[in-house]
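Please open the model in your viewer and keep the sequence panel beside it. We will go from one selection to the next, with a short look at each stop.

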Amino acid sequence: MTRKYGIADTTFSRIDMGSIAYKVIRSEDDEAEIIRYTVPGIKDLPVASKRLLDEGCDGVITLGWVGKTILDKYSYLATSIGLIMVQILTSKHVIDVTVHEDEADDEEKLKEIAIDRATKHAKNLVKLVKEGKNALTKYAGKGLRQGYNNAGEID
């Protein structure tokens, strides 16, 4: 049985994280089918995710970019709730990868965050889809981060 992954990304993003996720998924699961669905902005990601799951995807990664204003933050909150609802309704993983414009003061650092976060979460999605619910258990409590250096364990 071929595994099927969905990638939902936005035109508002300033980095093409969808292409990054595609390459990572392909390298981690070379037999997989990958479907990409690009929408205008983050508030469109819940329906894109649901449609990808309805098309038979085993899991979805969403890749969004959030602006600096309070309105942008509220839009992200609404999106996050929508993505959680999709997961509950489908019992499938929707890995939410979001970069917030105010996470860094310069564009090069934002780019680094986006690449790191998209790469690590694409690998997480593949592990969950291929290996199931215990795939990440060995990493529990390790202080792993996406987009930044790992925080590490507290002994």
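Which residue follows α3, and what is the sign of its phi? Select S91: this residue comes after α3, and its phi is positive, near 55°. Bear in mind on this tour that the model is predicted.

**Stop 1: along helix α3**

Now select residues 70-90, which form helix α3. Its 21 residues should span 30 Å at 1.5 Å a residue, and the C-alpha atoms at its ends are indeed 30 Å apart, so the expected and modelled spans agree.

Next, colour S75, Y76, T79, S80, G82, L83, V86 and T90, the buried residues of α3. Look down the axis: they cover an arc of only 165°, which means that they sit on the same side of α3. A reminder helps here: an α-helix has 3.6 residues a turn, so residues three or four places apart point the same way.

What do these buried residues pack against? Show α2 (45-54), β3 (59-66) and β4 (94-100), and you have the elements that the buried residues of α3 pack against.

**Stop 2: the other face of α3**

Turn the helix around. On the face of α3 turned away from its buried side, select I70, Y74, I88 and L89, which are exposed.

Then switch on the surface for I70, L71, Y74, L77, I81, M85 and L89: these residues make a nonpolar surface patch of about 790 Å². One of them, I81, has its place in helix α3. Is I81 exposed or partly exposed? With a relative accessible area of 45%, I81 is partly exposed, because only values over 50% count as exposed.

**Stop 3: R14 and its two partners**

Time for some charged side chains. Side chains of opposite charge can pair when their charged atoms come close. The model has eleven salt bridges, and we will visit some of them.

Select R14 and E101, whose side chains meet in a salt bridge with an N to O distance of 2.7 Å. R14 lies in the loop between β1 (4-10) and α1 (17-28), while E101 lies in the loop between β4 and α4, so this pair ties together parts that are 87 residues apart in sequence. E101 counts as buried, at 14% relative accessibility, whereas R14 is partly exposed, with a relative accessible area of 44%.

Keep R14 and add E107: the side chains of these two also form a salt bridge, at 2.6 Å from N to O. Since E107 lies in helix α4 and R14 in the loop between β1 and α1, the pair ties together parts 93 residues apart in sequence. E107 counts as exposed, at 55% relative accessibility.

**Stop 4: R36 and D16**

Move to R36 and D16, whose side chains meet in a salt bridge of 2.6 Å, N to O. The pair links distant parts of the chain, with R36 in strand β2 (residues 33-39) and D16 in the loop between β1 and α1, 20 residues apart. R36 counts as partly exposed at 35% relative accessibility, and D16 is partly exposed with a relative accessible area of 40%. Add D9 to the selection: salt bridges that share partners join D9, D16 and R36 into one network.

**Stop 5: after α4**

Finally, select N149, in the segment after α4 (107-131). N149 counts as exposed, at 71% relative accessibility. Draw a C-alpha to C-alpha distance from N149 to I113: the two are 9.9 Å apart in space and 36 residues apart in sequence.

Methods
Residues are numbered from 1 along each chain as its sequence is written. This is a predicted model: local features need pLDDT of at least 70, side-chain atom pairs count only at pLDDT 80 or more; totals for chains, interfaces and linings use all residues. Side-chain values use heavy atoms; hydrogens and water are left out. Helices (H or I, at least four residues) and strands (E, at least two) are DSSP runs, numbered from the N terminus. The expected span of a helix is 1.5 Å times one less than its number of residues. Buried means under 20% relative accessible area, exposed over 50%, partly exposed in between (1.4 Å probe, protein chains only). The arc is that of the directions from the helix axis to the C-beta atoms. Contact means heavy atoms within 4.5 Å. Patches are made of residues with over 30% relative accessible area and no salt bridge: like charges are joined within 9 Å, nonpolar side chains (Val, Leu, Ile, Met, Phe, Trp, Tyr) within 5 Å. Accessible areas come from the Shrake-Rupley method with a 1.4 Å probe; for residues, only the protein chains shown count as cover. A salt bridge is a side-chain nitrogen of Lys or Arg within 4 Å of a carboxyl oxygen of Asp or Glu.
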